[in-house]
Amino acid sequence: MSRLTSAAPIIGALLLAVLGGGLLTRWVGNEPAPVGDARPSPRPEPLAGWARQALIANAQDGEPIYLQGLGNVASCATCHGAQGVPERGAPYPRLAGLSADYVAKQLADYADDIRHNEQMTPIARALNGPQRGAVAQYVASLPAPETRLSTAELDLRGRELDEVGDNARALPGCGNCHGPRGRGEGVMLPPLAGQPEAYLVSQLNAFRQQRRHNDTVAVMEGIASRLTDDDIRAVARYFSQLGPARQEARGQP
């Protein structure tokens with residue numbers, strides 16, 4: 001028997017595997033779908049209205065609204081300071097250092113009454129979407145103040161809650177989301193360093209009492225519900241003590 005004749009069964013098996021594989025696959029019902037029948041990739045989710053407005057807005061259009069107001073809308077600087085840093089002891093948040101996306105979302109939430117405040121809700125409603133986006137862009141253009149580096153006089157319990165949390169009560173450290181020393185993380189996790197103590201206390205209580213619920217997947221509601229009054233005062237005092245260095249340099253009381 002020749003070598004060719006003896007190899008015939010092997011060659012036949014190979015040809016069947018290569019050329020007849022499609023038939024075999026069809027027979028067992030496992031044929032892959034033709035390329036033309038593949039499902040298209042899902043379309044990306046459309047941007048929320050506030051995100052679109054922040055994306056296309058111009059900070060120059062927001063500057064006069066922020067500094068001077070618009071019609072019956074008071075200037076933002078009246079409460080938040082011309083540079084986005086309120087007077088020490090004021091119950092208003094520091095805006096300098098916040099992202100345009102974060103500010104635009106908060107303004108939209110105020111306008112839609114998702115987040116309610118007696119002062120901010122009517123102001124946000126008086127502005128249209130492009131105006132809110134422009135203000136958000138202007139706020140984002142303000143330089144973030146430097147934060148204090150020394151921790152010698154910081155509230156120790158507040159520092160512990162920031163850096164470590166409290167495992168016994170399933171409390172993660174604030175820094176896990178808001179960055180080291182409360183300096184913020186990304187565009188939607190705002191900086192806490194330098195925020196006024198009274199403002200932080202009011203917001204933590206609002207989350208704890210479910211009067212504020214515009215955070216993503218209710219993370220802050222769950223965390224605040226496990227904080228005691230003493231915890232809230234301590235962490236608010238701690239972050240307020242990480243105040244803007246330049247504010248102290250101006251000699252404000």
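**Cysteines and nonpolar cores**

The structure holds zero disulfides, a disulfide being a pair of cysteine sulfur atoms within 2.5 Å. This is a predicted model, in which local features need pLDDT of at least 70 and side-chain atom pairs count only at pLDDT 80 or more, while totals for chains, interfaces and linings use all residues. Residues are numbered from 1 along each chain as its sequence is written, and side-chain values use heavy atoms, with hydrogens and water left out.

**Cysteines**

- The closest cysteine sulfur to that of C76 belongs to C79 and is 8.9 Å away, too far for a bond.
- C76 counts as buried because its relative accessibility is 19%, where buried means under 20% relative accessible area, exposed over 50% and partly exposed in between (1.4 Å probe, protein chains only).
- C177 is in no disulfide, and the nearest cysteine sulfur, in C174, lies 9.0 Å from its own.
- With 35% relative accessibility, C177 counts as partly exposed.

**Nonpolar cores**

- The largest nonpolar core (a set of buried Ala, Val, Leu, Ile, Met, Phe, Trp, Tyr and Cys residues joined through side-chain atoms within 4.5 Å) has 24 residues, of which Y66, V103, L107, V135 and V139 touch the most other members.
- At least two residues of this core come from each of α4 (59-68), α6 (100-111), α7 (120-126) and α8 (129-141); helices are DSSP runs (H or I, at least four residues), numbered from the N terminus.
- α6 gives the most to this core, seven residues.
- Leaving aside residues up to four places away in sequence, V103 touches L98, A136 and V139, contact meaning heavy atoms within 4.5 Å.
- Another core, of 19 residues, lies apart from this one and includes L200, M220, Y238 and L242.
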